[in-house]
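Got your viewer open and a selection box ready? Let's take a walk through this model, one stop after another.

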Amino acid sequence: MYNIALKLLHKLTDNGFQAYIVGGYTRDLILDRKTTDIDVCTNATPKQLKEIFKDSMLPNVEYGSVTVIYHKVRFEITTFRKDIKYENHRLPVKIKYINSLIEDLKRRDFTINTLCIDQDGNIIDLLNGRCDIDDKIIKMVGNPRYKLKEDALRILRAIRFATILNFELDPKLKKYIKKYGYLLKDLSYFRKKEELEKLFLSSNAEVGIKLLKELKLDKHLELSNLENLKIVPSILGIWAQLDVEKIYTFNNNEKDLIKLIKELLNKDVLDEFNLYKYGLYVSTIVGEIKDINKKIINQKYNDLPITNKKEIDISAKEICDLLNKKPNSFLKQIIEDLEYNIVVKNIENKKEVLKDYIQNK
């Protein structure tokens, strides 16, 4: 991927433009961290990029961004720009294309994200980002007082980078994060959720949670139960504990699963019928929260006589024929009764045994 990116830079420079790999890829390369995203910045405008890369896409042309598939690799290419005006503490609503790399870098969030790589593989550091990487510090490009008011998402990005990279927050940045934390209320729940999930799923999540609490951001993020959060590998297990499914953005499947997780948290996970009813996935998540060994849950689940009502060894039609009745509400009651008694091993899941049980009852 890196070599293809350098070829892409050469293609742009061969056409008379400046071009650099910028941001997270360069940072992670220095930190010896694996990364798959490569962003490119250039003084070529979207229109000029479209002429060079005929099959390029313009998803965010108003922000000078172009998507290019080059040698089967996807690249985001942005034109050098200056953000003139922000709206709602988040989006630049007015930009100006410029011809200066350093001016483009000055609009970015943190110094560690301003390092570039040119077409020959040389690292370019115009804002002392390498020094801050070596010192393991998250420092804002420019004055954090203004930068955070421009774009409140930078508050969560700062916490996320400090968490994932295990870096310290610059004292000045920390001061203004605490002061302007209330601006998080203006962000969409979708963006807040996106940043928080990256933080919660980090192997260093406890550091991030400590920062959220220390800087009083849990209040502005409406995470009232953060104090009691048990970090688990499942993101749904985390959200279920935070009790925010009516506030944050979740799809219907996520909402259903969170509801089941919360229900089972108040029950015995290892009870056979609970294992059957809630299934292995939900039971495993709840087991993580309750510190129950995953192997024990798997073993008990695998020992269940059935894991689905379709596995009951008598069909609905056979039950109706046996009782000489047409399908009705009684059928549901019988099947539920069979499910329970088979799962708790009161009766064997064998057709003749089930027939006798139904007739006797």
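Before we start, one term: two strands count as paired if DSSP finds at least two bridges between them. Keep in mind, too, that what you're looking at is a predicted model.

**Stop 1: a hairpin**

Select residues 65-70, which is strand β4, and then residues 73-79, which is strand β5. The two run antiparallel, with 6 bridges joining them. For one spot along the ladder, click Ser65: opposite it, in β5, stands Thr78. Now look at the turn. The hairpin has 2 residues between the strands, and His71 takes a positive phi near 50° there.

How many of the residues of β4 are buried? The count is 5 of 6, so the strand is largely enclosed by the rest of the structure. β5 is mostly covered as well, with 6 of its 7 residues buried.

**Stop 2: the other partner of β5**

Keep β5 on screen and add residues 39-42, strand β2. In which sense do β2 and β5 pair, parallel or antiparallel? They pair in the parallel sense, over 4 bridges. Two places to click: Val40 has Ile77 of β5 as its bridge partner, and Cys41 stands opposite Thr78 in β5. You've met Thr78 already, since it also stands opposite Ser65.

Next, bring in residues 19-22, strand β1. This strand pairs with β2 in the antiparallel sense, again with 4 bridges. Click Ala19 and look across to β2, where its bridge partner is Thr42.

**Stop 3: two threonines and Ala44**

Stay on Thr42, which has its place in strand β2. Is Thr42 buried or exposed? It counts as buried, because its relative accessibility is 0% and the cut-off for buried is under 20%. Show what surrounds it: setting aside residues up to four places away in sequence, Thr42 touches Leu12, Phe17, Gln18, Ala19, Leu49, Ile77, Thr78, Thr79 and Phe80.

Now pick Thr79 from that list; it lies in strand β5. Thr79 counts as buried too, at 0% relative accessibility.

Add Ala44 and draw two distances. The side chain of Thr42 reaches the backbone nitrogen of Ala44 at 3.1 Å. The side chain of Thr79 reaches the backbone oxygen of Ala44 at 2.7 Å.

**Stop 4: two helices crossing**

Time to jump along the chain. Select residues 153-165 for helix α7 and residues 205-214 for helix α10. They pack at an angle of about 145°, and their axes are 8 Å apart. The crossing of α7 past α10 is right-handed.

Show side chains where they meet. From α7 come Leu156, Ile159, Ala162 and Thr163, and from α10 come Ala205, Val207, Gly208, Leu211 and Leu212. Sorted by class, this contact has 7 nonpolar and 2 polar residues, with no charged ones. As you look down a helix, remember that an α-helix has 3.6 residues a turn, so residues three or four places apart point the same way.

**Stop 5: Leu217**

Click Leu217, which lies in helix α11 (residues 217-220). It is buried, with a relative accessible area of 0%. Leaving out neighbours within four places in sequence, Leu217 is in contact with Ile155, Ile159, Ile177, Gly181, Leu184 and Leu212. Ile159 and Leu212 should ring a bell, as both take part in the meeting of α7 and α10.

While you're here, measure from Leu217 to Tyr180: they sit 37 residues apart along the chain, and their C-alpha atoms are separated by 9.6 Å.

**Stop 6: an enclosed helix**

Finally, select residues 235-242, helix α12. Why is this helix described as largely enclosed by the rest of the structure? Because 8 of its 8 residues are buried; Trp239 is one of them. To see what covers them, show α9 (189-200), α13 (252-265) and α14 (272-289), which are among the covering elements.

Look at both ends before you leave. At the start of α12, a side-chain oxygen of Ser234 reaches to within 3.3 Å of the backbone nitrogen of Leu236. Following α12 comes Asp243, with a positive phi near 60°.

Key
Residues numbered from 1 in each chain as written. Predicted model: local features only at pLDDT ≥ 70, side-chain atom pairs only at ≥ 80, totals over all residues. Heavy atoms only, no water. Buried < 20%, exposed > 50% of the residue type's maximum accessible area, 1.4 Å probe, protein only. Polar contact = N/O pair within 3.5 Å; in protein donor to acceptor, adjacent residues only side chain to side chain. Contact = heavy atoms within 4.5 Å. Axes fitted to C-alpha atoms, helices over the stretch in contact; angles between N-to-C directions. Left-handed = near helix turned anticlockwise from the far one by under 90°. Nonpolar A, V, L, I, M, F, W, Y, C, P; charged D, E, K, R; others polar.
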